[in-house]
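Here's a quick tour of a protein chain for anyone new to reading structures. Keep the picture open while you go through the points.

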Amino acid sequence: MERGDHKGKKKHIPVLAEKLKRFGLRATPQRLAILEFLEGNTSHPSAEEIFRELKPHLPSLSMATVYGTLEVLRKEGEVQELTIDPERKRFDPNPKPHNHFLCRKCGRVYDLPVDLSALTLPADIEGFWVEIFTVDFYGLCPACKK
Ligand SMILES: [Zn+2]
Ligand SMILES: [Zn+2]
């Protein structure tokens with residue numbers, strides 16, 4: 001697969017602008033670029049990575065805008081905030097529950113196609129009522145294992 005392959009599926013700017021308005025945000029070029037960058041992105045970027053990637057094209061972009069936009073998107077359920085990487089928060093535009101794998105060598109975070117639906121826990125553990133739980137996976141990715 002070619003890098004940036006997901007670009008073909010990108011929504012038109014008016015759709016993204018409409019989305020920002022719905023979230024109470026003005027559709028500035030900076031915010032639109034953040035939304036466009038996240039669309040279909042499976043690299044689980046951190047706020048710093050998003051900033052570094054977009055800054056050359058948008059000199060007026062600030063870290064505060066990246067943080068602020070991500071915070072609104074998180075609250076609206078548009079992105080998930082991942083805690084798998086102890087060094088930085090990562091963001092995932094796929095809101096569906098799925099599992100992640102952090103490679104200890106290259107530091108990349110991958111979606112791990114593993115079905116944990118067979119894993120059941122009692123909802124009530126000594127009085128603790130479990131509503132959700134997350135499982136993170138760590139190890140070596142196929143490229144680093146070679
Ligand atoms: Zn790796
Ligand atoms: Zn993911």
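Which residues make up the largest nonpolar core? Eleven of them do: L16, A33, I34, L35, L38, I50, V66, L70, L73, V79 and F91. Before you go hunting for them, bear in mind that this is a predicted model.

**The chain as a whole**

- The chain has 146 residues, and buried ones make up 14% of them.
- If you count up its secondary structure, you get five helices and seven strands.
- Following the sequence from start to end, you meet them in the pattern α-α-α-α-β-β-β-β-β-β-β-α.
- The C-alpha trace spans about 50 × 45 × 30 Å along its principal axes.
- The domain assignment splits out two parts: domain 1 covers 5–82, and domain 2 covers 99–145.
- Taken over C-alpha atoms, the centres of domain 1 and domain 2 lie 26 Å apart.
- Now for contacts between residues at least 6 apart in sequence: 48% of these join residues at least 24 apart.

**The core and helix α2**

- Back to that eleven-residue core. Two helices, α2 (29–38) and α4 (63–75), each put in at least two of its residues.
- The largest share comes from α2, which supplies four residues.
- Within α2 itself, the buried residues are R31, A33, I34, L35 and L38.
- What covers those buried residues of α2? The cover includes α1 (13–22), α3 (47–54) and α4.
- Here's a handy bit of background: an α-helix has 3.6 residues a turn, so residues three or four places apart point the same way.
- Just after α2 comes G40, which has a positive phi of about 70°.
- F91 is another member of the core. Skip its neighbours within four places in sequence, and F91 is in contact with H44, P45, L70, V79 and E81.

**The three-stranded sheet**

- Look for an open sheet of three strands, ordered β4-β3-β7, with mixed pairing.
- Its edge strands are β4 and β7, and each of these pairs on one side only.
- From one strand to the next, the twist averages 30°.
- How does β3 pair with β4 (residues 109–112), and over how many bridges? The two run antiparallel, with four bridges between them.
- With β7 (residues 136–139), on the other hand, β3 pairs in the parallel sense, again over four bridges.
- F101 is a good residue to click on: it stands opposite Y110 in β4, and its bridge partner in β7 is F137.
- β3 and β4 also form a hairpin, with five residues between the strands. In the turn you'll find G107, whose phi is positive at about 80°.

**Two faces of strand β3**

- Side chains alternate along β3 (residues 99–103).
- H100 and L102 point to one face and are buried.
- N99, F101 and C103 point to the other face and are not buried.

**Two loop residues to check out**

- E87 sits in the loop between β1 (80–82) and β2 (90–92).
- Is E87 buried or exposed? It counts as exposed because just 8 other C-beta atoms lie within 10 Å, and the cut-off for exposed is 12 or fewer.
- E87 and G107, the turn residue of the hairpin, are 20 residues apart in sequence, with 10.0 Å between their C-alpha atoms.
- V135 is in a loop too, the one between β6 (128–129) and β7.
- V135 has 11 C-beta neighbours inside 10 Å, so it also counts as exposed.
- Leaving out residues up to four places away in sequence, V135 touches N99 and L116.
- Along the chain V135 and I84 are 51 residues apart, while in space their C-alpha atoms are separated by 9.0 Å.

Note on methods. Residues are numbered from 1 along each chain as its sequence is written. Chains are lettered from A and ligands numbered from 1 in the order in which they are written. A nonpolar core is a set of buried Ala, Val, Leu, Ile, Met, Phe, Trp, Tyr and Cys residues joined through C-beta atoms within 7 Å. A residue is buried if 20 or more other C-beta atoms lie within 10 Å of its own, exposed if 12 or fewer, and partly exposed in between; C-beta atoms are placed from the backbone. Two residues are in contact if their C-beta atoms, placed from the backbone, lie within 7 Å. Domain bounds come from an automatic or database domain assignment. Two strands pair if DSSP finds at least two bridges between them. Axes are lines fitted to C-alpha atoms, for helices over the stretch in contact, and angles run from 0 to 180 degrees between N-to-C directions.
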